[in-house]
Amino acid sequence: MTGQADRANDTGDGPEGTGATDRPTETPRDGREAPGRVREAPRARWTAALDRWKPVASRYALVPLRLFLGITFVYAGLDKLTDSAFLADTGSGSIGETMRGVRDTSAIPALVDLALKNPTGFGYAISLGELAVGIGTLIGLFARLAALGGALISLSLWLTVSWQVQPYYLGNDLAYLMAWLPLVLAGASVLSLDRLLAERRRIR
């Protein structure tokens, strides 16, 4: 019969009896997934985790820099304040002797002459400035102002004490100056007293 022959020759649901089908490929009967799917699943999980991590990383990107600069400047300030030899007008390792040694090689000799009018006072100013900058940076209080202070200290030391260092990249004061600039621009938007005070003002 024609109807039975047609059904016998039709081996699939596709056009012209080719056996093609629109049904999705089924998982093998032994329960194992296709190799392609096994590889794609972990990749998708890693991609999703990375997408979640990126905003967090961007938000806290400057925190390591704050910690480094804050701790370094607090340490530098305390180290100078507790070193009586450094705060002396004359003598080995004193601020006065250091300023006299770099006077002729500095970028701005007049700045060194100003410091030499009262070397001990200049030493205390630098020490207390570094301490204030370091504390403000660590706790995030007036963070932009603290970063600006750190940048100015680093700039003054670069133009005087480390100006003669050649090549320039061996002098650390210029590197500190560059490191302060992102904090001058961005401030301390997380883990800071500035943020806490701003939130309290918004609530009021």
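**Entry 1. Largest cavity.** I sorted the lining of the largest cavity by residue class and got 5 nonpolar, 2 polar and no charged residues. The model I am reading is a predicted one. The residues on that lining are Met99, Leu111, Val112, Ala115, Phe122, Ser156 and Thr160. I then looked up which elements give two or more residues to the lining, and found H5 and H7. H5 has the largest share, with 3 residues. I noted a volume of about 40 Å³ for this cavity.

**Entry 2. Second cavity.** How many cavities of 30 Å³ or more does the structure hold? I found 2. The second largest has a volume of about 30 Å³. I listed its lining as Arg66, Thr137, Ala143, Ala147, Leu183, Gly187 and Ala188. By class this lining has 4 nonpolar, 2 polar and 1 charged residues.

**Entry 3. Helix H6.** I went to H6 next, because Thr137 is on the lining of the second cavity and is also among the buried residues of H6. The helix runs over residues 119–139. I checked its length: at 1.5 Å a residue, its 21 residues should span 30 Å, and the end C-alpha atoms are 30 Å apart, which agrees. I wrote down the buried residues of H6 as Pro119, Gly123, Ile126, Ser127, Glu130, Leu131, Val133, Gly134, Gly136 and Thr137. What covers them includes H3, H4, H5, H7 and H8. After H6 comes Gly140, and I read a positive phi there, near 70 degrees.

**Entry 4. Salt bridge from H6.** Glu130 is on the buried list of H6, and I looked up its partner. Its side chain meets that of Lys80 in a salt bridge, at 3.1 Å from N to O. The two residues are 50 apart, with Lys80 in helix H3 (residues 63–81) and Glu130 in H6, and the pair links distant parts of the chain. Is Glu130 buried or exposed? Its relative accessible area is 4%, under the 20% limit, so I count Glu130 as buried.

**Entry 5. Salt bridges within a helix.** I counted salt bridges over the structure and found 5. One joins the side chains of Arg100 and Glu97, at 3.9 Å from N to O. Both residues lie in helix H4 (residues 95–102), and being 3 residues apart, they are separated by about one helical turn. Arg100 is partly exposed at 40% relative accessibility, and Glu97 is partly exposed with a relative accessible area of 40%.

Another joins the side chains of Glu199 and Arg195, at 3.3 Å from N to O. This pair is in helix H9 (residues 193–203), where 4 residues along the chain amount to about one helical turn. I read 29% relative accessibility for Glu199, which makes it partly exposed. Arg195, at 32%, is partly exposed as well. I added a reminder on spacing: an α-helix has 3.6 residues a turn, so residues three or four places apart point the same way.

**Entry 6. A network.** Which residues are linked in a network of salt bridges? I found Arg103, Asp104 and Asp113. Asp113 falls within helix H5, which covers 109–116.

Conventions:
Residues numbered from 1 in each chain as written. Predicted model: local features only at pLDDT ≥ 70, side-chain atom pairs only at ≥ 80, totals over all residues. Heavy atoms only, no water. Salt bridge = Lys/Arg side-chain N within 4 Å of Asp/Glu carboxyl O. Buried < 20%, exposed > 50% of the residue type's maximum accessible area, 1.4 Å probe, protein only. Expected span 1.5 Å × (residues − 1). Contact = heavy atoms within 4.5 Å. 1 Å grid on protein atoms, 1.4 Å probe; cavity = no way out; pocket = protein on both sides within 12 Å on 5 of 7 lines; lining within 4 Å. Points joined across faces, edges and corners; volume = space filled by probe spheres on them. Nonpolar A, V, L, I, M, F, W, Y, C, P; charged D, E, K, R; others polar.
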